[in-house]
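User: I have a new structure open and want to talk through it. Can we start with what the terms mean, then go to the cysteines?

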Amino acid sequence: MAARLGPRRQHLPLLKRRGVLLLKLTAVTLAVLLFCEFLVYYLVIFRCNWPEVKPPTDSDGGQGTPEPVLRAMFLADTHLLGALRGHWLDKLRREWQMERAFQTALWLLQPEVAFILGDVFDEGKWSSPQAWADDVARFRRMFRHPPHVQLRAVAGNHDISFHYEMNTYKIKRFERVFNPERLFSWKGINFVMVNSMALEGDGCTICSGEEAELLEISHRLNCSREHFPLYRRSDTNCSGEDAAPPNEKDIPFRERYDVLSREASQKLLWWFRPRLVLSGHTHSACEVLHGASVLEVSVPSFSWRNRNNPSFIMGSLTPTEYALTKCYLPCEDTVLITYCVAVGTLVLLTLLHVGLLTSPLRFGWNLLRKFKTT
């Protein structure tokens with residue numbers, strides 16, 4: 001009986017060491033997954049704070065009665081991939097990134113309204129009815145929000161096509177998902193959603209209808225939201241870590257493709273007299289001053305698919321003032337480097353366990369003993 005138990009007892013230390021190795025590998029793997037797929041979003045977005053709005057002044061120059069402040073998120077160019085483009089792993093990875101970023105921002109920052117400034121989908125202009133329904137279902141899951149939070153979206157060229165391919169069917173399909181109202185008012189602040197692709201100026205039926213609707217409400221507007229940026233020559237004067245790359249800054253923008261035409265931009269500024277313009281489309285950040293006082297902010301893409309360091313704008317707005325700040329999301333290369341380091345750690349632990357690599361402590365102790373004996 002004792003002879004039979006002997007070999008089993010000899011195998012117990014080996015099984016124990018293998019169990020310890022498995023626990024170590026599992027612990028490292030779970031810790032890295034928890035950090036890269038959940039905690040990193042909280043750690044990065046937690047550093048973002050709502051900007052403070054300058055308090056109003058009364059007729060005597062003193063501090064007036066505080067106005068209600070609307071807290072708004074502005075993000076752009078989410079580009080949810082559809083059935084035609086993109087590898088399934090690319091789709092899974094980037095959609096998970098946007099979902100975690102948006103849900104974390106909702107939980108930590110508690111905005112009252114979120115605006116998506118165009119190109120919600122990547123393949124909306126080509127999507128079949130079934131593919132469109134599938135994309136919309138994924139969007140609603142990713143960008144789910146409580147009832148007290150408003151979500152508004154502007155149509156982009158990837159949602160309804162450029163002017164030469166845009167049609168009423170695509171526009172109505174987009175508007176059935178997102179509120180079709182051009183004018184959105186809350187806490188005394190007016191916003192207008194502009195279909196930039198319909199400002200071609202060629203008198204097409206869709207363009208004429210869009211211009212007539214905008215002209216009708218122009219006297220009541222004081223803020224503007226759109227997809228295409230207003231006219232500017234290029235991104236030469238744009239700065240910041242999320243501006244366009246240096247080799248792209250001096251490339252001239254094409255009117256009606258990269259930016260609105262000069263004529264359409266002047267119309268919008270004349271009709272709306274806006275305090276602030278926010279736009280998407282370029283995937284990079286830029287601030288442009290039109291005239292003496294109208295600031296336009298181009299919001300970078302929200303997706304890792306379009307840039308390594310995505311971000312969104314946080315705005316505190318009142319009927320008379322506004323303040324903006326930028327909130328950066330985790331960089332994709334930070335997450336990839338973390339995964340690479342984790343894989344190296346797992347390989348190192350495995351090699352140490354099987355004896356193919358000497359433990360640094362044991363190696364140092366052997367060197368010390370060898371030094372003492374000589």
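Analyst: Buried here means under 20% relative accessible area, and exposed means over 50%. Cys286, at 4% relative accessibility, therefore counts as buried. Keep in mind that this is a predicted model.

User: Good. How many disulfides does the structure hold?

Analyst: Three disulfides. Cys286 belongs to one of them, with Cys238 as its partner.

User: How far apart are the sulfur atoms of Cys238 and Cys286?

Analyst: They sit 1.8 Å apart. The link is left-handed, with -65° about the S-S bond. The pair links distant parts of the chain, 48 residues apart. Cys238 is in the loop between β6 (224–226) and α7 (246–249). Cys286 is in strand β8, residues 286–290.

User: And Cys238, buried or exposed?

Analyst: Buried, with a relative accessible area of 4%.

User: Next one. What does Cys48 pair with?

Analyst: Cys327, with an S to S distance of 2.0 Å. Cys48 lies in the loop between α1 and β1 (70–75), while Cys327 is in strand β11 (residues 322–328), so this disulfide ties together parts that are 279 residues apart in sequence.

User: Which hand does the disulfide of Cys48 and Cys327 have, right or left?

Analyst: Right. The torsion about the S-S bond is about 85°, so the Cys48 and Cys327 disulfide is right-handed.

User: Where do Cys48 and Cys327 fall on accessibility? I'd like Cys48 and then Cys327.

Analyst: Cys48 has 11% relative accessibility, so it counts as buried. Cys327 is at 0% and also counts as buried.

User: What about Cys204, which cysteine does it join?

Analyst: A disulfide joins Cys204 to Cys207, S to S 2.4 Å. Its torsion is about 80°, so that disulfide is right-handed. Cys204 is partly exposed, with a relative accessible area of 21%. Cys207 is buried at 1%.

User: What's the pairing if I number the bonded cysteines in sequence order?

Analyst: 1-6, 2-3, 4-5.

User: Two more cysteines on my list. Cys36, buried or exposed? And Cys340, buried or exposed?

Analyst: Cys36 counts as buried, at 0% relative accessibility. Cys340 is exposed, with a relative accessible area of 56%.

User: Switching topic. Where does UniProt place the "transmembrane region" feature?

Analyst: The UniProt record, an unreviewed entry, places that feature at residues 21–44 and 336–361.

User: How much of residues 21–44 is helix, and how much is strand?

Analyst: The span is 100% helix and 0% strand. Its end C-alpha atoms lie 32 Å apart.

User: I see greasy side chains on the surface. Which residues make the nonpolar surface patch with Leu43?

Analyst: Leu34, Phe35, Phe38 and Leu39, together with Leu43. The patch covers about 430 Å². Leu43 is in helix α1, residues 2–45. Leu43 counts as exposed because its relative accessibility is 52%, and the cut-off for exposed is over 50%.

User: What about Glu99, where does it lie?

Analyst: In helix α2, residues 88–109. Glu99 counts as buried, at 7% relative accessibility.

User: What is Glu99 in contact with, leaving aside its neighbours within four places in sequence?

Analyst: Arg141, Met142 and Arg144.

User: And Val192, which strand is it in?

Analyst: Strand β5, residues 189–194. Val192 is buried, with a relative accessible area of 0%. Its C-alpha atom is separated by 9.5 Å from that of Val154, and the two are 38 residues apart along the chain.

User: Now zoom out. How many helices and strands does the protein have?

Analyst: Ten helices and eleven strands. The protein has 374 residues, and 47% of them count as buried.

User: What area does the protein expose?

Analyst: About 19900 Å². Carbon and sulfur atoms supply 59% of that area.

User: Last one, on contacts between residues at least 6 apart in sequence. How many of them join residues at least 24 apart?

Analyst: 74% of those contacts do.

Key: Residues numbered from 1 in each chain as written. Predicted model: local features only at pLDDT ≥ 70, side-chain atom pairs only at ≥ 80, totals over all residues. Heavy atoms only, no water. Patch = residues over 30% accessible without salt bridge, like charges linked within 9 Å, V, L, I, M, F, W, Y side chains within 5 Å. Areas by Shrake-Rupley, 256 points an atom, 1.4 Å probe, with all protein chains shown as cover. Salt bridge = Lys/Arg side-chain N within 4 Å of Asp/Glu carboxyl O. Helix = DSSP H or I, 4+ residues; strand = E, 2+ residues; numbered from the N terminus. Buried < 20%, exposed > 50% of the residue type's maximum accessible area, 1.4 Å probe, protein only. Contact = heavy atoms within 4.5 Å. Disulfide = S-S within 2.5 Å. UniProt positions renumbered as here; feature names shortened; annotations may be inferred.
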